[in-house]
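Here's a walk through the pockets, the packing and a few odd backbone spots of one model. Have a look at it first, then read on.

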Amino acid sequence: MSDEPIMAEAPPTLEINPPLINSSNPWATTLEDLRALYACPSTGAVTTRTSLTKGFGHDPAKHRYVFFDPATHSPSLHPDSVHASPTQNASLNSLGYSPLALEKYLGFIRTISDEQPTPSSKWFIVSVTGTPEEVADSYKLIAAAKLTVDFPLAMEVNLSCPNIPNKPPPAYSRDALVQYLEKLQNTIDLHHELPRIPFGLKTPPYTHSTEYQELISALESSAESSVGGVTPVSFLTATNTLGSCLVISDILEISAATFALPGYGIGGMAGAPLHPLALGNVATLRRMLDEDERSGKLGHIRIIGIGGVLDVAGYHRMRKVGAAIVGVGTGLGLKGVGIFGEIETALGGQW
């Protein structure tokens, strides 16, 4: 028996080129959405809308989104981007998760794989959520699907949706995060017959130092309990939408509480007004991951920077603060798949 120490082994790396992708959002729901995103030559991966193993109970009367002007709070008259003005560069949504179950998305991915004339290096990042047990089951399903498609797969665990009643986002709690990470590590250890795929966590927009520390502490705990002392997490997606936001559609009728979204009007905000907070999250997380005392066990984690990237300037800002990959959400809803080509053209090939 060897007395040599076990060398730290980092999990699979998310090698995405070009480093521009879509975020998990309502414009990545259907097969047609995913086909269009996959056909775009300006992105290195496609992220699916977040799904559950059994689907989500979508109610169109409750679960909606709207574009709005962050200066005047004027909402678009219709959620379709063709009705939004150039200044309506923010979004508010009361959506939950996709009404389509995970197996449906894996079927979409197999269909797109079968349609490709040759194997491709473009990734699919399959966004999932659920209980720790359901997320572990999702990992097994996605890893098994890797054996049947001709391109790389990764799993994003969305633990940060602000729109689920009575279910606070687990990404704010160290103990909750540890439960997910332990379950995933156990699943990986028990299923050596499956290919190892990268997985990451989608985080909420943190606003206080203690919130960051909850995440970092959970990651360090997962590193300490793994063979080799390295967390199994490959990436972080920062950030999700900012919850508890409200847009009033007509200030002249404020006494009538004319909200842009159904019910009390509360939803998660994204787009231009989220951008400074998202930049701060990416910069802070990158710094904390790279600090000397933890870089050996957390420094390999890559960050997908998401939040208010609407053009090449937003892309540059995200890269400068530490995002290895940049995601677009509201911008995709506003401009369609063409936004990625606009960013690539403006970059002039200098990713």
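## Pockets, packing and backbone

Strand 9 gives the largest share of the lining of the largest pocket, at 3 residues. Strands here are DSSP runs of E with at least two residues, helices are runs of H or I with at least four, and both are numbered from the N terminus. Before going further: this is a predicted model, where local features need pLDDT of at least 70, side-chain atom pairs count only at pLDDT 80 or more, and totals for chains, interfaces and linings use all residues. Residues are numbered from 1 along each chain as its sequence is written, and side-chain values use heavy atoms, with hydrogens and water left out.

Back to the pockets. Strand 9 (242-246) and strand 10 (266-271) each put at least two residues into the lining of the largest pocket. A pocket, on a 1 Å grid over the protein atoms alone, is an open set of points where a 1.4 Å probe fits, with protein on both sides within 12 Å along at least five of seven lines; lining residues have an atom within 4 Å of a point. Grid points are joined across faces, edges and corners, and the volume is the space filled by probe spheres set on the points. Here are the two pockets with their linings, split by class.

| Pocket | Volume | Nonpolar | Polar | Charged |
|---|---|---|---|---|
| Largest | about 520 Å³ | 11 residues | 10 residues | 1 residue |
| Second largest | about 410 Å³ | 11 residues | 5 residues | 2 residues |

For those classes, Ala, Val, Leu, Ile, Met, Phe, Trp, Tyr, Cys and Pro are nonpolar, Asp, Glu, Lys and Arg are charged, and the others, Gly among them, are polar. In the largest pocket, 22 residues make up the lining, and Ser94, Pro162, Asn163, Pro165 and Ile266 are the closest to its centre. The second largest pocket is lined by 18 residues, with Tyr97, Thr129, Gly130, Lys167 and Tyr180 the closest to its centre.

Now the packing. The largest nonpolar core holds 71 residues, and Leu34, Phe124, Ile142, Met155, Leu201 and Leu219 have the most contacts inside it. Such a core is a set of buried Ala, Val, Leu, Ile, Met, Phe, Trp, Tyr and Cys residues joined through side-chain atoms within 4.5 Å. Buried means under 20% relative accessible area, exposed means over 50%, and partly exposed is in between (1.4 Å probe, protein chains only). Another core, of 11 residues, lies apart from it and includes Trp123 and Phe235.

Helix 10 (residues 338-347) buries Ile339, Phe340, Ile343 and Leu347. Looking down the axis of helix 10, these buried residues fall within an arc of 105°, so they line one face of the helix; the arc is that of the directions from the helix axis to the C-beta atoms. Their cover includes helix 1 (31-39), helix 8 (312-320) and helix 9 (330-335). Gly348, just after helix 10, has a positive phi of about 60°.

What about the odd backbone spots? Asn17 and Pro18 are joined by a cis peptide bond, with omega about 0°, and Pro18 sits in the segment before strand 1. Ala238 and Thr239 are joined by a cis peptide bond too, with omega about 15°. Asn166 is not a glycine, yet has a positive phi of about 65°; Asn166 is exposed, at a relative accessible area of 80%. Ser244, found in strand 9, has a positive phi near 60° and is exposed at 67% relative accessibility.

Methods
Contact = heavy atoms within 4.5 Å.
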